[in-house]
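Please work through the following exercises with the sequence and the model side by side. Each task is followed by a solution that proceeds step by step.

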Amino acid sequence: MRSHPRRMLHYGAISMAMGTVVTGIASYQFAMKSAAVLYIGWGLWWVSVVLALASSILLVYLLVSKQTQSIESVTGAWLLLAAPLTVCAASGATIAEYLPTNLALITITAGYFLLGAGMPLACCLLVLYVHRITVYKLPSRDTVLTSFIPLGPISQMGVASITLGRIAQEVVPVALPHIEALGVAMFHVGIISALVAWGCALFALAHAVFSVVYEQRSSKIPFTISWWALVFPIGVFSRLTVDLSQTLQLGFFRVVHLLLLATLLALWLFNVVRTVVGIWTGSIFGIAELTEDCECCACRGDGMQKPAARASGCEDSLVIMGKSGAGKTSMRLLIFSNYTANDTRRLGATIDVEHSTVQFMGDLNLNIWDCGGQHKYLDNYLNEQKENIFGNVEVLIYVFDLETTNKDSEYVLYDECLHSLATYSREAKVYCLVHKMDKIPDADQKAHTLEQYRRALDKRSDLFKPEVFGTSIWDYTLYHAWSQIVYKLVPNMATIERHLSSFRQLSEACEVVLFERATFLVVC
């Protein structure tokens, strides 16, 4: 479990599946036909409770103590930390209806404990997720479907609240006659909590639909196994809606429930057909998983992350390398995430490798690997993970820190990177950015310093002929350098230039400049 800190989130699905079985035993009245079936279902529920508590507590412990996370890695899948607890709370209330009074009281009490453990955790994770999409925008195309996952735990909290309240209304007056009014109060509180959860779930559903539609317009989302992640959240939302409909006797919820059922059926049939076709053709195997972890990194037992091995045939990458504090992440976020120069001041050190896929000029994907520059990570890149980092590299950008006090060590690291690149990606292009040029106020001194770097780097680069740029986040130089880099990456640049030339002649313009819409980089 420790080897994959985000993929292990899915272990909570075991207890969730067992909770679904328990709900089925109660909902389809199998428990009423046989006492043995009832107590088997109740025993299965306690097993699911133990698994839910174990998975949630253990996974939270591993995430906060054994792994180093970044806010950029948060997806809707993180809600799977809390989902098992709320699922068990709801399934316990469902089967408690058929148990003897004393056992039912124990079950609903445990259900409230589970709901109390899962609800604050889910709310905290929702805040993290909203913060992530606010700062880093929507998840990538391969993981945007995880936007539906928050709908599940939110709806499940409402289902658990209203179901526990309904059973408590019946059990508490009999089991605890001295506080019989508490049962009615718990029922009323359950209804209010369910209504609040329904409104929150509706907002989460609207956001998820918007995210998918927005991403689909930019680039078509391929069918992967992660499409099945939509079934459970919509199904739970439908369950919450029907519970409110039966409790409040409002036709509005009945209509919404029918619409959700129709949507769920259509989605289920679509997934079944596409999955069968994918299995037959083999296209569904070896695809992106539910979380971004498979895209960017796996984790070693010592807590250090290592980049996942690239599959054969995957897209080439753009690797940013340099020592810690050189400004690699700052320039990446400034160019591709609309950060301002002042915003970069609050950034911390990059932890191992931060992977991001940036859409550029519509359908061009830049697969960027931002490598942390701390010594322990650099040693890992150049030894254990040499092939993973330097294999299938199209562009290596090495960032030199102008403020460094040890240029010799910078050059040694640069030499080692070129040696690894020559072994695994001999056709790669190399760009060297001498960063923080704003520290030199005099223009002549800037030019002299940059020329010194060019001469030193030319002597060290036999196979590769690096292009050297002086850059700063405080002026146009950073955009100029990245514009030159991206220019070389656009595959049909000759065609674009030909069309622009025709457009300039037709419009009788003196000059035509093409900017990329999202980043405002000069393409040509």
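**Exercise 1. The chain as a whole**

How many helices and strands are there in the chain?

*Solution.* The structure is a predicted model, in which local features need pLDDT of at least 70 and side-chain atom pairs count only at pLDDT 80 or more, while totals for chains, interfaces and linings use all residues. Residues are numbered from 1 along each chain as its sequence is written, and side-chain values use heavy atoms, with hydrogens and water left out. Helices (H or I, at least four residues) and strands (E, at least two) are taken as DSSP runs, numbered from the N terminus. On that basis the chain has 17 helices and 8 strands. Of its 524 residues, 52% are buried, where buried means under 20% relative accessible area, exposed over 50%, and partly exposed in between, with a 1.4 Å probe and protein chains only. Among contacts with a separation of 6 or more, 76% join residues 24 or more positions apart, a contact being heavy atoms within 4.5 Å.

**Exercise 2. Two helices and their spans**

Compare the expected span of helix α1 with the separation of its end C-alpha atoms, then do likewise for helix α16.

*Solution.* The expected span is 1.5 Å times one less than the number of residues. For the 15 residues of α1 (residues 13-27) this gives 21 Å, and the end C-alpha atoms are 20 Å apart, which agrees. For the 13 residues of α16 (residues 477-489) it gives 18 Å, and the corresponding separation is 19 Å, which also agrees. As for burial, the buried residues of α1 include Met-16, Val-22 and Ile-25, while those of α16 include Leu-478, Trp-482 and Val-486.

**Exercise 3. The second largest pocket**

Which helices each supply at least two residues of the lining of the second largest pocket?

*Solution.* Begin with the term: on a 1 Å grid over the protein atoms alone, a pocket is an open set of points where a 1.4 Å probe fits, with protein on both sides within 12 Å along at least five of seven lines, and lining residues have an atom within 4 Å of a point. The second largest pocket holds about 770 Å³ of space, the volume being that filled by probe spheres set on the points, which are joined across faces, edges and corners. It is lined by 26 residues, and the closest to its centre are Thr-23, Gly-24, Ser-27, Thr-94 and Arg-239. The helices asked for are α1, α4 (83-96), α6 (151-175) and α8 (231-248), and α8 gives the most, with 8 residues.

**Exercise 4. Two residues with positive phi**

Lys-436 and Glu-508 have positive phi values without being glycine; is each of them buried or exposed?

*Solution.* Lys-436, with phi near 70°, is found in the loop between β7 (429-435) and α15 (443-460). Its relative accessible area is 17%, so Lys-436 is buried. Glu-508, with phi of about 55°, lies in the segment after α17 (493-507). Its relative accessible area is 72%, so Glu-508 is exposed.

**Exercise 5. A histidine in a helix**

Which residues does His-257 touch, not counting residues up to four places away in sequence?

*Solution.* His-257 is found in helix α9 (residues 251-281) and is buried, because its relative accessible area is 14%. With those sequence neighbours set aside, His-257 touches Ser-238, Thr-241 and Val-242.
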